[in-house]
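Reader: I should like to learn how to read the features of a structure such as this one. Could we proceed feature by feature, with the general idea before the case?

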Amino acid sequence: MSFRIEHGHIIQTPNSSVKKQVNNSNLQFQRIFQETLNRNDSNIKISAHAEQRMQERNIKLEESDINALKDAMNDLEKKGARESLMLYKDMAFIASIKNRTIITTMNNNEMDVVTNIDSAIIVK
């Protein structure tokens, strides 16, 4: 505890460790707030593996397709999904919702068994 004298009066000043804790809390809040903003504004990413699969399978996405997948990813994120199968038109995408990244892609007719997912969505 510290004191200062102002106009002849003794005034107790807050402890410096309290200021540090407040500053650390503010920095942590700012970091979490910025991460949340970035997550909401971020687009989806396509991994190098998924890009390769898309080229091999002649899968092309238009801007409207990306927007539909982005909306689906937002819905999945709200439900707490982590790894998801997204079925869209005649395509299937495996995505990491947390990283907002499409991990791989395939045509629906190539899909037999899908493992290591916790959710699925039919994108309309």
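**Reading the features in turn**

Author: Let us begin with a single residue: Asp71 lies in helix H3. Please keep in mind throughout that the model is predicted.

Reader: Is Asp71 buried, partly exposed or exposed?

Author: The label follows from relative accessible area: buried means under 20%, exposed over 50%, and partly exposed in between. Asp71 has 46% relative accessibility and therefore counts as partly exposed.

Reader: How far apart are Asp71 and Ile44 in sequence and in space?

Author: The two separations are read independently. Asp71 and Ile44 are 27 residues apart in sequence, while their C-alpha atoms are 9.8 Å apart in space.

Reader: How should I read the sheet, and in what order do its strands stand?

Author: One reads across the strands, from one to its neighbour. Here 5 strands make an open sheet with mixed pairing, in the order E3-E6-E5-E4-E7. Strand E3 (45-46) and strand E7 (119-123) are the edge strands; each has a single partner, so one side of each is left without a neighbour in the sheet.

Reader: In which sense do E3 and E6 pair?

Author: Strand E6 spans residues 101-107, and its pairing with E3 is parallel, over 2 bridges. One of the bridge partnerships joins Ile46 to Ile102 in E6.

Reader: Which helices accompany these strands?

Author: For a helix against a sheet, one notes the strands involved and the angle. Helix H2 (residues 48-56) packs on the sheet and touches E3 and E6, with its direction at about 20° to that of E6. Helix H3 (residues 63-78) lies across E3, E4 (83-88), E5 (91-96), E6 and E7, and runs at about 140° to E4.

Reader: What is the general idea of a salt bridge, and how many does a search of the whole structure find?

Author: Side chains of opposite charge can pair when their charged atoms come close. The search of the whole structure finds 5 salt bridges.

Reader: Where do Arg53 and Glu56 lie, and how do their side chains meet?

Author: Both lie in helix H2, 3 residues apart, which is about one turn of the helix. Their side chains meet in a salt bridge with an N to O distance of 2.9 Å. Arg53, at 25% relative accessibility, is partly exposed, and Glu56 is also partly exposed, at 47%.

Reader: Which parts does the pair of Lys89 and Asp65 tie together?

Author: These side chains form a salt bridge at 3.0 Å, N to O. Lys89 is in the loop between E4 and E5 and Asp65 is in helix H3, so the pair ties together parts that are 24 residues apart in sequence. Lys89 is exposed, with a relative accessible area of 55%, whereas Asp65 is buried, at 4%.

Reader: How close do Arg100 and Glu77 come?

Author: The closest N and O atoms of this salt bridge are 3.4 Å apart. The pair links distant parts of the chain, with Arg100 in the loop between E5 and E6 and Glu77 in helix H3, 23 residues apart. Arg100 is buried, at 2% relative accessible area, and Glu77 is partly exposed, at 25%.

Reader: Lastly, which residues form a nonpolar patch on the surface?

Author: Here one looks for nonpolar side chains that are accessible and grouped. Phe3, Ile5 and Ile10 form such a patch, with about 390 Å² of accessible area together. Ile10 belongs to strand E2 (residues 9-13), and its relative accessibility of 66% makes it exposed.

Technical notes:
Residues numbered from 1 in each chain as written. Predicted model: local features only at pLDDT ≥ 70, side-chain atom pairs only at ≥ 80, totals over all residues. Heavy atoms only, no water. Pairing = 2+ DSSP bridges. Helix = DSSP H or I, 4+ residues; strand = E, 2+ residues; numbered from the N terminus. Contact = heavy atoms within 4.5 Å. Axes fitted to C-alpha atoms, helices over the stretch in contact; angles between N-to-C directions. Patch = residues over 30% accessible without salt bridge, like charges linked within 9 Å, V, L, I, M, F, W, Y side chains within 5 Å. Areas by Shrake-Rupley, 256 points an atom, 1.4 Å probe, with all protein chains shown as cover. Salt bridge = Lys/Arg side-chain N within 4 Å of Asp/Glu carboxyl O. Buried < 20%, exposed > 50% of the residue type's maximum accessible area, 1.4 Å probe, protein only.
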